[in-house]
Amino acid sequence: MDRPLKILLLGDASNFHRTLSTGLRRLGHDVTVASEGGRWMKTERDIDTSRPPLPGKLGGLALWLRLQAGLKRRFTGYDVVSIHSPGFLSLKPQRITSIYDYLLTRNRGVFHSMLGTTPSYVRECISASTSLPYNEFRINGRPSPYSLGHPGIEQEWMSPALTALEDRINATILGSVTALYEYDLTQHTVLPQSHISYGGIPIDTTEITPVDLPDRIDRVRIFLGRHRGRLLEKGTDILEAAARDVVERHPSKAELVIVENRPYAEYLSLLRSAHIVLDQLYSYSPATNALLAMAMGLNTVSGGDEAFYGFIGEKEMRPVLHVEPDFEDTRRVLENAVLSPHLIRERGKEGRRFVEKHNDCEVVARRNVDYWIRRLGEEGRL
């Protein structure tokens, strides 16, 4: 294709689409981000789709009327529209279906950025034959703390209305670009191979200056950024308990810093004060928080399963402090890191190299563009 793509990224989570837009613009494409700003994260966007903070159904009604009054017309005329999930607007599934069908008829191609929970992901997680033996819903076939603490949460995610919306999307999108190894596995249960491409999570490494960690760290600073309301889902409860235990055992060698629900820009500033960042417990691959920390040259406790490294073709670097989903393994890994402070600086440098190689926003943007153009060409829509 000999001209820039006109792209709409609709919806966002963890600043994913906004960062992707940075990479796409650096490649010369015309990009618009429409989102609600990640609610309390207050991430940047070009079109605000947030639901007004009105009681009950009034907020949804106000957003719907705003869409009908002209906002949805700003979602037309694009080569590529990529929605971030079936819930790309804060509306009921039936309302979203109407907007989705509008997108289909007024743009060249609609794609899906698979970067969060969907009915099919939950179905894969709780399946007896799952390829993800531990996840936020099940740990080796048994209900996880998150599942036990939120009775009925799986049924909510797999409700008939939301499942019907996802089925509608899967039947009509030109393709799905996946952000994580585990999401890629899930998409293979519902889409043909030609409709799936791994993209990864974009990180703007140009704007992130690595922290210059000292060769000798006398007291290791462990950092935990909590998402209120998602403590059990991310395993934050176990991560925090393990960190507190390690600090109690070695008070002169480690300290724990906890922050909660901070705006994105403020959170990044606070993150830079850490040596080791606690990310999440039930993952196979590092997600946004971990990758941001790695781009800063920090260490991170997160998912770094060998299956993930094999999936992305990485044979040498192993920068993630990988933990199994239980207290004892998490405590052991974290304690070993605290008692080996001389390894933190070099591990941090490797993490930075890893992110530059696999997750720089231009690298991820190029993967997306190559796939979008290929699928548009295969469907005769260029």
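## A surface pair

Let's start with Asp218 and Arg216, whose side chains meet in a salt bridge with an N to O distance of 3.0 Å. Both Asp218 and Arg216 are exposed. Please keep in mind as you read on that this is a predicted model.

The pair is part of a longer list, as the structure holds 27 salt bridges. A few others are described below, followed by two asparagines with notable backbone angles.

## A link between distant parts of the chain

Lys357 forms a salt bridge with Glu314, and their closest N and O atoms are 2.9 Å apart. This pair connects distant parts of the chain, with the two positions 43 residues apart in numbering. Lys357 belongs to helix α14, which covers residues 344-358, while Glu314 sits in the loop between α12 (306-312) and β14 (321-322).

How accessible are the two partners? Lys357 counts as partly exposed because its relative accessibility is 46%. Glu314 has a relative accessible area of 4%, so it is buried.

## A pair within helix α14

Helix α14 also offers a bridge of its own: Lys349 pairs with Glu346, with the closest N and O atoms 3.6 Å apart. Why do Lys349 and Glu346 lie about one helical turn apart? The two are separated by that amount because they are three residues apart in helix α14.

Both ends of this bridge can be placed on the accessibility scale. Lys349 has 36% relative accessibility and therefore counts as partly exposed. Glu346 is partly exposed too, at 46% relative accessibility.

Elsewhere, salt bridges with shared partners join four residues into one network: Arg18, Arg25, Glu44 and Asp46.

## Two asparagines with positive phi

Now for the backbone. Asn15 has a phi near 65°, a positive value in a residue other than glycine. You will find Asn15 in the loop between β1 (6-10) and α1 (16-26). Is Asn15 buried or exposed? Asn15 counts as buried because its relative accessibility is 9%, and the cut-off for buried is under 20%.

Asn140 likewise shows a positive phi in a residue other than glycine, here near 50°. Its place is in the loop between β6 (138-139) and β7 (142-143). With a relative accessible area of 60%, Asn140 is exposed, since that class begins over 50%. To put the two side by side, Asn15 is buried, whereas Asn140 is exposed.

Technical notes: Residues numbered from 1 in each chain as written. Predicted model: local features only at pLDDT ≥ 70, side-chain atom pairs only at ≥ 80, totals over all residues. Heavy atoms only, no water. Buried < 20%, exposed > 50% of the residue type's maximum accessible area, 1.4 Å probe, protein only. Helix = DSSP H or I, 4+ residues; strand = E, 2+ residues; numbered from the N terminus.
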